[in-house]
Structures are given as structure tokens and as C-alpha cells.
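I opened this notebook to keep track of what I looked up, in the order I looked it up. The entries are short.

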2 protein chains.
Amino acid sequence: MDLRHLRYFIAVAEEQNIGRAAARLHISQPPLTRQIQQLEEELGARLFLRTPRGVELTEAGELFLEEARNIRALVEQATERTQRAGQGRLGRLDVAIFGSAILDRIPKLLLAFRSRYPDVNVVLHTMTKVEQIEALRQRRISVGFNRMVAPGEDIAVDQVSTEDLLLAVPADHPLARHERIRFPDLKHHPMVLFPTGTRPSFIDKVVGLCNASGFQPQVSQEVGDAVTGVALVAGGFGVCLVPESATTLQLPGVIYRRLTDTPPGCFVDLCCIYRKGDKSPIVAAFRETVQACRSMHAAQAEASRQIGN
Amino acid sequence: MDLRHLRYFIAVAEEQNIGRAAARLHISQPPLTRQIQQLEEELGARLFLRTPRGVELTEAGELFLEEARNIRALVEQATERTQRAGQGRLGRLDVAIFGSAILDRIPKLLLAFRSRYPDVNVVLHTMTKVEQIEALRQRRISVGFNRMVAPGEDIAVDQVSTEDLLLAVPADHPLARHERIRFPDLKHHPMVLFPTGTRPSFIDKVVGLCNASGFQPQVSQEVGDAVTGVALVAGGFGVCLVPESATTLQLPGVIYRRLTDTPPGCFVDLCCIYRKGDKSPIVAAFRETVQACRSMHAAQAEASRQIGN
DNA sequence: GATGATAATACCTTCAGGGTATGGAGAGGC
DNA sequence: GCCTCTCCATACCCTGAAGGTATTATCATC
């Protein structure tokens, strides 16, 4: 049996007349007769009663008509769904984020992706950088977000954004009164650092910047993530260098100040990592969306700078 | 697309290797490669990633594999079900019976049919003879059971059984004391007749027999069916000629007596009626079962008569 | 019995599916 | 680093099945 047989059968059943069905199928009558005969022979059941006016379905034929329509619908659905899956418009995408990624552009990005690809089921997993890389290799995830990732042998990196580092200071802190805060000014003030855990990470970046400015930071506390860090700033534990995006987090008693005279490298990247050579169209679609968001954001930043000037 | 494509695709997906799949399908490798390429092109989606060791499914391929298996299962099911339907082993059979047919061999017959053809859904309808014929013509039913049906232009008749007529008498009735009851003895006793309604029917048979024996029956009451008739006998309304099968109905105060010296024609037929030229395999199967039951019953009757002698 | 409509049959043609031979690319061993 | 082995892909040929035309058979209707 063949899908053609089903198509022909359905046409004949609907027309109740082989000649008319043949016309509808754009073939001549004899081949259609033969196809129907073949189908009947293969099924071992008479599907039509031949009448002087045409044909009519037997009971077996009625049953087979239902089944044939089901099958055809399923084939169409399979075709359509597979096409969409092939274009990355249908399926599942496992994405890893890190703890305080919620403060970042990631939510907007995920929303943008969902609206472009509503039938891709995005599943979020919270993982540290090391876990993300491991999970990528084991194919438990296809995309990860993190900071400061170097491309590896089998891991590729797309940069999502670059953020300046701002200083979160308690409102009543001496530095809060300064007109301008320069990086070396941080020398004499206790700092909250984050994240604890896997190295190298953002914490190393901050320590490295301090060292480059000629001092060792006074660490008041190390915490797991930016949210806790800013909370400790509010509690008077000291100042804290945070990515600009953390300013989303407005806590009473905390103000964010941009530094002047920042040393080179006083910014932090957000990266999107994935398997090198991953040919998944969903991953490709996701990366496209990421880049689109990045361009859009860059354009907006440029525009606002223009206006600012 | 073609069912062959699905079969080939599933084989390749399962073997993860085109060459091995080709061997399994008993074709050579190049045509299989080409079929897979065609399928991919038609779907507009890559289904396999070519690896040095063979092939592996893409996400779209995984999805399509599920769908393909569904489709194949549905096709197999459709084939199998249609075959059974063509053999009369699957489907629906609308059967009409008359009011007191429950006393007859019909229940056993229906049970026999159900056990032979468990997937044929037998739907029972209670109808009078005229209604049955009308319903047959309108194709609302395919088989009817009734008594005394003459074959018509478009209605064919199979005889199911022949039953002697017995006399239901009240236990305290004068005739109950007779050693032998002959037909003319009924002359002086009021009789219950059934059924009322559509003529000609069983009632005419009884009246005709009385006339043939030279008397007009004294009708005490006409009722709709045998059950009511026997109930009236129990209530002392008189005697009642009933088909032998009615003896299934044992009411207190009623005894059944076989007549001696019965006139010719003192029996009644049970018939099975259906449309002439009905080619439904289910009807054919049903008629076969009816005839098988009839033969079996006749053989049993013969055997018991031998033993009786 | 003639006519018209419809399915079935006979026979021819074409093209898709299958075959063999071969090329090309990547992995793994020496 | 080269060779070899193992895949898949390509090239080209051949056969059979699907489709076409012409015709016949059948049945209902006038």
C-alpha cells in the first residue's frame, strides 16, 4: 500500500464515481480503477460495490475511509511539524543561566525568543559555569549564559553584552558624598565580593582590577551572587562593584555610582556558550535572536549617548 | 512522500547507518541514500546528521521518527481492521426481533454469533413484522427475526426453526385432566389469541387451524404477545396455543400439553429476513451462524428422538 | 432493442526506484 | 604523515509499475 492509494481511495469514496474521481485527480479512469482494485486485493476486502451509476462504499470501505483520512491528516501534520522543527520553529531548548542572571538582559532576551518562536519550549536550568560546560558536553543543555568564558576546544562563545562596572555604595557612605569616584579611591573601603564558588569568575576580575590599580581590596564579605551582595551593601557591609545591569535592583539605602578614571578592563562581559559545531536549527535561531538583541541594544545605547551629548 | 519513505527512514533511524539499513531492507545502499535525500528535500528539513560512523537523527528527525512510527502503526491497524471488516469479523449489525422473541432460540443464536464474531457490535431493535420490512428497505437494520414471513421482491427469508404448537392450559382446567388432547377438543373452550396488531400473523395460523378442524375458536381475549397470553392462561382466561419455545416460560398454574392428532400445519416457523442481494459479509456471517445453529439443533432433536425411542 | 453511462480490460509508454561502479571524506592505526 | 578502512554521495543503467489511449462489457432507462 501507498499513500497514493489512500489519496485515490478517498477521492473515489467522495465522488462515488471512478470516472469523476479520476478527473479530479487529473488522471484517466482506467489506472484509477486498477489502483482501487490493487488496494482491494491487498486489503483482502471489497471496498466498493459497483453500481450502474458509479460505486458505493461497503462497510469495510466506510471503515477504511475513516482510517485513510486519519492517516492522511497524520501525514500532513508530520510534514508540517517536521518542517517547523527543521527551521528551529518547533522543539525544545535547554538553556542554563547563572544565579543572578535574572538581573540581566537575559529575561528580555528569552521573551524575545519566545515571541519569535512560540512553539519552542525553552527550559531554564540554573547552573554554575563549570556545570554548564559539563552539561553542554553531555548534551543536557544546548545553550548556557555566563560571564567571562573563554572559548574551549568544543565550546564556542558568543558575546551577548558588555557592561561597565558600577559601584554600589550605602547612601550614608563617605564615598557617596564624593562628586567623582576614582578606582583607587576604593583602596580604603571594605568591599563585598561575589560570587563565591567556581573560579575564575567575576570576583577575580574585581581583584585583578584592584591589583592593577596598586592595591589589594579589603574584603568585608564574599557572597554567592549580586543580589546578596547589594543587600549587604544596604546593610552597611561596604561597597561593591557590580555590573551595570544590577542597578535594576533598587534597594533602600543603596545608590549606584559610575566610576571615573576607570582602569582598562573595567567592564564585564555576558556570554552565551554552546557546543562548537552544533547544527541544531533551534540553537541557530536562538543565537540569531541573541545577536539581534545585542545589535538592537547597542543601537539604543548609541542613540541615548547621542541624545545625552 | 510515500509509505516506503517512512519505512526506509525508520530503518535508517534505527540502524543509525545507511548501509546496514539498506541490508536490512534488502536493497543496496545508494537508492536508500537517495530516498532519504528525497525525503529530506520534500520535508525541507535535515533529518540526519552524517557522521563518519554513520548517521544520527537531528531534532527534526527525532520528531519525524515518532510521527512516522505513528503513521505506520495506523496504517497497519487500518489494514488489519479493514480486512476483518471485509470478512464480516468487525463492524456493526442491526438486528430486529419481535416482542416475545426472548422466549425463542434467538438469544442462544445471538450468543453464538457474538462468541464467533466478538468484534461485531450487534444492536437489537424490537419491531413488528411490517416495521422490520420497512426498516430493512431503509437500511436501518440488516436482519430481522419474525414468524410466517413470505419472501418478497426485495426481501429474502431463511428459515431458522420449526416449532410444534403446544397448548397452555390452566392446571385446574378440564382439559388438564385429559390423557390425550386432540385438536377438535379445543372447540368448546375459550382461547387466548396473540398477537394483536399486524396481520397476517400467528393469530391467523391458529384461527386457520381451527377452521380446518371444523370450528370457529371461542376467543376469550386477544393479547399482544406470548408472555401476556400465558399470563392470562394462568389467570384462568382459557387455553392458548403457543410455540413450543414458550414453555421456557413457567408460570404457576400453567401446564403445557402436547396435542395428539394434530392437523397438518400445526407448527410455526421462525424466520430470519434480510435484503435480497445484501452483500455485507457481516450479514453473510450471521446467516451462516443461523444455519449452523439450525443444523446443530436439528441434529440434537434427532438424537434425542433416537434416545426417546 | 437502442442508447447512454460507467467500470473493466488490453496494450503501450514513460519515469521513478533499484542495481552496479565509483568517488570523496573523515577516523584511526602504523 | 601516510595508508587504510568505513562510511555516505554521485553517476549511470535497467526494469517494472503507474499512467495513457482504445476498446469492451454491463446495466439501467427510454
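The entries below go from the chains to the DNA strands and end with one residue.

Entry 1, the model. I noted before anything else that this is a predicted model.

Entry 2, domains. I looked up the domain assignment of chain A and found domain 1 at 3–86 and domain 2 at 95–309. I then took the centres of these two domains over C-alpha atoms and got a separation of 61 Å.

Entry 3, the two copies. I superposed chain A on chain B, which took a rotation of 179 degrees with 0.1 Å of shift along its axis and left an RMSD of 0.2 Å. The two copies are therefore related as by a two-fold rotation axis. I also checked the interface: 100% of the interface residues of chain A are interface residues in chain B too, so the copies meet through the same surface.

Entry 4, DNA strand D. I counted 23 residues around DNA strand D, and the closest are Tyr8(A), Ser28(A), Arg34(A), Ile18(B) and Arg50(B). By class, I have 8 nonpolar, 10 polar and 5 charged residues on this surface. At least two residues each come from helix H1 (3–15) and helix H3 (29–43) of chain A, and from helix H2 (18–24) and helix H3 (29–43) of chain B. Of the strand D atoms within 4 Å of the protein, 65% belong to sugar or phosphate and the rest to bases.

I listed some polar contacts to DNA strand D. A side-chain N or O atom of Arg34(A) is 2.5 Å from a base nitrogen. Arg34(B) has a polar side-chain atom 3.3 Å from a base nitrogen. For Asn17(B), a polar side-chain atom lies 3.3 Å from a sugar or linking oxygen.

Entry 5, DNA strand C. I found 24 residues around DNA strand C, with Ile18(A), Gln29(A), Arg50(A), Ser28(B) and Arg34(B) the closest. Sugar and phosphate make up 60% of the strand C atoms that come within 4 Å of the protein. The residues of this surface divide into 8 nonpolar, 10 polar and 6 charged. Helix H2 (18–25) and H3 of chain A, with helix H1 (3–15) and H3 of chain B, each supply at least two of them.

Two contacts I noted go to phosphate oxygens of strand C: a backbone N or O atom of Ile18(A) at 2.7 Å, and a polar side-chain atom of Asn17(A) at 3.5 Å. The side chain of Arg34(A) has an N or O atom 3.5 Å from a base nitrogen of DNA strand C.

Entry 6, Arg177(B). Is Arg177(B) buried or exposed? I read a relative accessibility of 66%, so Arg177(B) counts as exposed. I placed Arg177(B) in helix H7 (residues 174–177) of chain B. Its C-alpha atom is 19 Å from that of Val242(B), 65 residues apart along the chain.

Notes:
Residues are numbered from 1 along each chain as its sequence is written. Chains are lettered from A and ligands numbered from 1 in the order in which they are written. This is a predicted model: local features need pLDDT of at least 70, side-chain atom pairs count only at pLDDT 80 or more; totals for chains, interfaces and linings use all residues. Side-chain values use heavy atoms; hydrogens and water are left out. Domain bounds come from an automatic or database domain assignment. Copies are superposed by least squares on the C-alpha atoms of residues with pLDDT of at least 70 in both. Contact means heavy atoms within 4.5 Å. A residue is near a molecule or strand if one of its heavy atoms lies within 4 Å of it. A polar contact is a pair of N or O atoms within 3.5 Å; within protein, one must be able to donate a hydrogen and the other to accept it, and residues adjacent in sequence count only if both atoms are side-chain atoms. Helices (H or I, at least four residues) and strands (E, at least two) are DSSP runs, numbered from the N terminus. Ala, Val, Leu, Ile, Met, Phe, Trp, Tyr, Cys and Pro count as nonpolar, Asp, Glu, Lys and Arg as charged, and the others, Gly among them, as polar. Buried means under 20% relative accessible area, exposed over 50%, partly exposed in between (1.4 Å probe, protein chains only).
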